[in-house]
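User: I'd like a close look at the charged side chains in this model and how they pair up. Start with a bit of the strand layout so I can get my bearings, then take me through it slowly.

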Amino acid sequence: QVQLLESGGGLVQPGGSLRLSCAASGRIFAITNMNWYRQAPGKQRELAASITSGGTTTYADSVKGRFTISRDNAKNTVYLQMDSLEPEDTAVYSCNAGVLVLGGGLLDAWGQGTLVTVSE
């Protein structure tokens, strides 16, 4: 009843930039927090960045100052601008959102993930 569709992953050289997008669709009444998680090979998933419905943002220490999360509430879309990318940023990035669905209920929705590879 709710889908999150990510785009924007790919291969980039160290020092480069990428912009991820995640669009939510379906039976949406409202969206609370929107988050970007990432999981590097052989490591646990971590919360990279989060943004509330009011626009308050939080970042993992490892990405602070390099990544910027933003959202367009009219489009139910969240973005992650990633600058000064490092090989350590290589991971599968997944979008997550708390969705209040039409008819009632709160859904913890996830996207399918998009691979970001930072390499020469």
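Analyst:

**From the strands to the charges**

Strand β1, residues 2–7, runs antiparallel to strand β3, residues 18–26, and six bridges hold that pairing in the model. (Strands are DSSP runs of E of at least two residues, helices runs of H or I of at least four, numbered from the N terminus; two strands pair if DSSP finds at least two bridges between them.) Keep in mind that this is a predicted model: local features need pLDDT of at least 70, side-chain atom pairs count only at pLDDT 80 or more, and totals for chains, interfaces and linings use all residues. Residues are numbered from 1 along each chain as its sequence is written, and side-chain values use heavy atoms, leaving out hydrogens and water.

If you want one pairing to click on, try Gln3, whose bridge partner in β3 is Ser25. In a regular strand, side chains alternate between the two faces of the sheet. Here's how that plays out in β1: Val2, Leu4 and Glu6 sit on the covered face, while Gln3, Leu5 and Ser7 are on the uncovered one.

Val2 also turns up among the contacts of Leu107, along with Ala97, Gly98, Val99 and Val101, once you set aside neighbours within four places in sequence. (Contact means heavy atoms within 4.5 Å.) Leu107 belongs to strand β10. Its C-alpha is 9.6 Å from that of Gln1, although the two residues are 106 apart along the chain. Leu107 has a relative accessible area of 28%, so it counts as partly exposed. (Buried means under 20%, exposed over 50%, partly exposed in between, with a 1.4 Å probe and protein chains only.)

Now for the charges. Side chains of opposite charge can pair when their charged atoms come close. Five salt bridges show up in this structure, where a salt bridge is a side-chain nitrogen of Lys or Arg within 4 Å of a carboxyl oxygen of Asp or Glu. Arg38, Glu46, Arg66, Glu86 and Asp89 are all part of a linked salt-bridge network.

Let's start at Arg38, which is buried at 6% relative accessibility. One of its partners is Glu46, with N and O 2.6 Å apart. Glu46 reaches 29% relative accessibility, so it is partly exposed.

Arg38 also forms a salt bridge with Asp89, where the closest N and O atoms are 2.9 Å apart. Since Arg38 is in strand β4 and Asp89 is in the loop between β8 and β9, this pair ties together parts that lie 51 residues apart in sequence. Asp89 has just 1% relative accessible area, so it is buried.

Asp89 has a further partner in Arg66, at 2.7 Å between the closest N and O atoms. That one links distant parts of the chain too: Arg66 is in the loop between β6 (57–59) and β7, 23 residues from Asp89. Arg66 is buried as well, at 12%.

While you're in the loop between β8 and β9, have a look at Ser84, which is found there too. Ser84 isn't a glycine, yet its phi is positive, about 50°. With a relative accessible area of 42%, Ser84 is partly exposed. Asn76 is another non-glycine residue with a positive phi, near 50°; you'll find Asn76 in the loop between β7 (67–72) and β8 (77–82). Asn76 comes in at 24% relative accessibility, so it is partly exposed.
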